[in-house]
Amino acid sequence: MTVAVVGAAGQLGSELVQVLSTRGHHVVALVRRDVDVTDHAAVLDIVPRTGASVVVNCTAFNDVDGAEDRPGDALAANAFAVRSLARACAETGATFVHYSTDFVFDGTASAPYTEADRTNPQSVYAQSKLLGEWFAADVPRHYVLRVESLFGGRAARSSVDKIVDAVAGGRPARVFADRTVSPSYVEDVALATEALLARGAAPGLYHCVNDGSATWLGVAEEVVRLLGADRGLLEPVKVADVALKAKRPQYCALSNAKLAEAGAAMPDWRDALARYLRRRG
Ligand SMILES: NC(=O)c1ccc[n+]([C@@H]2O[C@H](COP(=O)([O-])OP(=O)(O)OC[C@H]3O[C@@H](n4cnc5c(N)ncnc54)[C@H](OP(=O)(O)O)[C@@H]3O)[C@@H](O)[C@H]2O)c1
């Protein structure tokens, strides 16, 4: 199939281009200079010209703290641009794949969130992403995939990469001991996305994260173990002790059971981390 990947230079976008091409799809990779997704007319113009039967949106305004000061920019990229892409897909009949975030939840749960759980976004970024989910869901054939704590992109700028860079270089790494996440390896997210499309899975909302969960300290301890680094480099901190502009959900393990039932099971995050560290060399 012909797949247009919008935001193709980003962490997840570049991986999707690679994975979809390797799997024999014709990929039209669109970066910012091809289309500014906040330009409604430009979006409506370019999507039909790609000839794509699937449009995958990997663009986003991801500066969680910056969004508190720039709500207009966050809404433009994370919500209204999604509305434009969704409208273009509805007009061409394309399937629309869009990525969202665990931040749509308030983080007060004590068991992994499912797709049926109530959202309660706590920041401007989170509110803008939730709006984007709603706009994406207007497309008859849509997949809204919530990912979390992405790592493994070629640009290597994730929190996991920051931990790896620090401890591999013998420098201390400050990590939250009381924030629980389900990390998502971009390669596994891209493979799961392709699997949903190839199988013609039921449209809808899916949690697309690696299996399992850990605190950031737990993730960092696994990095230290895999690298044979010094555990003493890890400096545990508490969410309450760090001044951040935007509120973060504290417990955000996501259940990926629905994704697995759709035929796109995700490996355990430890397995994903080990594969990524091998790939990084
Ligand atoms: N990273 C995470 O941990 C995380 C967690 C939860 C959810 N997500 C979601 O996962 C998806 C992929 O995230 P990511 O980490 O791969 O993002 P990323 O690396 O920041 O890439 C986003 C891409 O979108 C492009 N972009 C932004 N605004 C644009 C615009 N107006 N027009 C055209 N292109 C634009 C950026 O281009 P420039 O480089 O030119 O700005 C960049 O290439 C997003 O929906 C994100 O919200 C990510």
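This passage walks through the sheets of the structure, the helices packed on them, and the surroundings of the ligand. The model is a predicted one.

A good place to start is the six-stranded sheet. This sheet is open, and its strands line up in the order E2-E1-E3-E4-E5-E10, with parallel pairing. What happens at the edges? Strand E2 (26–30) and strand E10 (204–207) sit there with a single partner strand each, so one side of each has no neighbour in the sheet. The sheet isn't flat-on from strand to strand either: on average, neighbouring strands are turned by 20° against each other, direction ignored. As for what holds such an arrangement together, strands of a sheet pair through backbone hydrogen bonds, either parallel or antiparallel.

Zooming in on one pair, E3 and E4 run parallel and are joined by four bridges. One residue pair to look for here is Val55 and its bridge partner in E4, Phe96. Helices pack on this sheet too. H5 touches E4, strand E5 (142–147) and E10, and its direction makes about 160° with that of E4. Helix H2, made of residues 40–50, lies across strand E1 (2–6), E2 and E3. The angle between H2 and E2 is about 160°.

There is also an open sheet of three strands, ordered E11-E8-E13, and its pairing is mixed. Strand E11 (214–215) and strand E13 (251–252) are the edge strands, each pairing on one side only. Strand E8, residues 180–181, pairs with E11 in the antiparallel sense, and two bridges link them. In this pair, Val181 stands opposite Ala214 of E11.

Now for the ligand. How many residues surround the ligand, and which are the closest? The count is 22, and the closest are Gln11, Leu12, Asn62, Lys129 and Arg157. Sorted by class, this shell holds 10 nonpolar, eight polar and four charged residues. Several elements chip in: helix H1 (11–22), strand E4 (95–101) and helix H5 (124–136) each provide at least two residues of the shell. E4 gives the largest share, with three residues. E4 therefore turns up in two roles, as a member of the six-stranded sheet and as a supplier of residues around the ligand, with H5 packed against the strand.

Some of the polar atoms around the ligand can be picked out one by one. A polar backbone atom of Gln11 is 2.9 Å from an oxygen atom of the ligand. For Gly10, a backbone N or O atom lies 3.3 Å from a ligand oxygen atom. Arg32 uses its side chain instead: one of its N or O atoms is 2.9 Å from an oxygen atom of the ligand. Taken as a whole, the protein covers 81% of the 900 Å² of accessible area that the ligand has on its own.

One last spot worth a look is Thr59, found in the loop between strand E3 (54–57) and helix H3 (66–69). The side chains of Thr59 and Asn57 are joined by a polar contact of 2.7 Å. Neighbours within four places in sequence aside, Thr59 is in contact with Val6, Gly7 and Val37.

Key: Residues numbered from 1 in each chain as written. Predicted model: local features only at pLDDT ≥ 70, side-chain atom pairs only at ≥ 80, totals over all residues. Heavy atoms only, no water. Near = heavy atom within 4 Å. Polar contact = N/O pair within 3.5 Å; in protein donor to acceptor, adjacent residues only side chain to side chain. Areas by Shrake-Rupley, 256 points an atom, 1.4 Å probe, with all protein chains shown as cover. Nonpolar A, V, L, I, M, F, W, Y, C, P; charged D, E, K, R; others polar. Contact = heavy atoms within 4.5 Å. Pairing = 2+ DSSP bridges. Axes fitted to C-alpha atoms, helices over the stretch in contact; angles between N-to-C directions.
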